Amino acid sequence: MRSICKNVTVAGRRTSVRMEPIMWQCLDEICRREGRTVHEIVTLIDRLRGDGGLTAALRIFLVGYLQQAASRSPGLLSTAAAGTTAAGATAAGPRPAPHPILGMSDEAAGYNPGARRYSPAFEDAIRIFDTLDD
């Protein structure tokens, strides 16, 4: 899979980031869920990353976010791995629409479009940078 290089603005300065298409899709989806721009989220990660590279920090954040969101949706990883979706009816009623990448619903990630704060999945994922220098 070929990487894609995109320009982003980090704290007011332009830089480029090279990642695989699936990583850009995940970042775009997280931005949509969190009501933030790519530039805002990349700037936050840049501030927290320490001495490591920006692209590596973005990948760590993306995986962390998906792990946190998946932990809020029991069975998500097993259904995604089996090639099925989380959509469908249950005894409790219909499930929310699945995330286009992993079958994750907005509700599973704690997405609240009316809030201007970050979701619980985002807050937990960003804490990974507190432990990287240990």
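Two residues are taken to be in contact when heavy atoms of each lie within 4.5 Å. The structure described here is a predicted model, and the contacts of one of its residues, Phe61, serve as a later point of reference.

The chain contains seven helices and four strands. Followed along the sequence, these elements occur in the pattern β-β-α-α-α-α-β-β-α-α-α. Of the 134 residues in the chain, 37% are buried. Among contacts between residues at least 6 apart in sequence, 59% link residues that are at least 24 apart.

The chain opens with a pair of strands. Strands β1 and β2 pair in the antiparallel sense, over seven bridges. Together β1 and β2 form a hairpin with two residues between them, and Ala11, located in the turn, has a positive phi of about 50°. Within this pairing, Cys5 stands opposite Arg18 of β2. Cys5 is classed as partly exposed because its relative accessibility is 41%, a value that falls between the limits of 20% for buried and 50% for exposed. Cys26, by contrast, has a relative accessible area of 5% and is therefore buried. The structure holds zero disulfides.

Helix α1 follows the hairpin in the chain pattern. At 1.5 Å a residue, the 14 residues of α1 should span 20 Å, and the end C-alpha atoms of α1 are indeed 20 Å apart, so the expected and computed values agree. The buried residues of α1 are Met23, Trp24, Cys26, Leu27, Glu29, Ile30, Cys31, Arg33 and Glu34. Just after α1, Gly35 adopts a positive phi of about 70°.

Two residues of helix α2 have contacts with the hairpin region. Thr43 is found in α2. Its relative accessible area is 16%, so Thr43 counts as buried. When residues up to four places away in sequence are not counted, Thr43 touches Thr9, Val10 and Ala11; Ala11 is the turn residue with the positive phi. Asp46 also belongs to α2. Because its relative accessibility is 15%, Asp46 is likewise placed among the buried residues. The side chain of Asp46 is joined to that of Arg49 by a polar contact of 2.7 Å. With neighbours within four places in sequence left aside, Asp46 is in contact with Val10, Arg13 and Leu54. Val10 thus appears in the contact lists of both Thr43 and Asp46.

Helix α3 comprises 18 residues. The distance from its first C-alpha to its last is 26 Å, close to the 26 Å expected at 1.5 Å a residue. The buried residues of α3 are Leu54, Ala57, Leu58, Phe61, Leu62, Gly64, Tyr65, Leu66, Ala69 and Ala70. An α-helix has 3.6 residues a turn, so residues three or four places apart point the same way. Several of the buried positions in α3 can be read with this spacing in mind, including Leu54, Leu58, Phe61 and Tyr65.

In soluble globular proteins, nonpolar side chains tend to be buried together. In this model, the largest nonpolar core has 29 residues, and those with the most contacts inside this core are Leu27, Phe61, Tyr65 and Phe122. Two or more residues are given to the core by each of β1 (4–10), β2 (13–19), α1 (21–34), α2 (38–48), α3 (54–71) and α6 (120–126). The largest share, eight residues, comes from α3.

Phe61 illustrates how parts of the chain that are separated in sequence meet in this core. Phe61 lies in helix α3 and, with a relative accessible area of 0%, is buried. Apart from neighbours within four places in sequence, Phe61 is in contact with Ile30, Ile41, Ile45, Phe122, Ala125, Ile126 and Phe129. Among these partners, Ile30 is one of the buried residues of α1. Phe122, another partner, is also listed with Phe61 among the core residues with the most contacts. Although Phe61 and Phe122 are 61 residues apart along the chain, their C-alpha atoms are separated by 8.8 Å.

Note on methods: Residues numbered from 1 in each chain as written. Predicted model: local features only at pLDDT ≥ 70, side-chain atom pairs only at ≥ 80, totals over all residues. Heavy atoms only, no water. Core = buried A, V, L, I, M, F, W, Y, C linked by side-chain atoms within 4.5 Å. Buried < 20%, exposed > 50% of the residue type's maximum accessible area, 1.4 Å probe, protein only. Expected span 1.5 Å × (residues − 1). Pairing = 2+ DSSP bridges. Polar contact = N/O pair within 3.5 Å; in protein donor to acceptor, adjacent residues only side chain to side chain. Disulfide = S-S within 2.5 Å.
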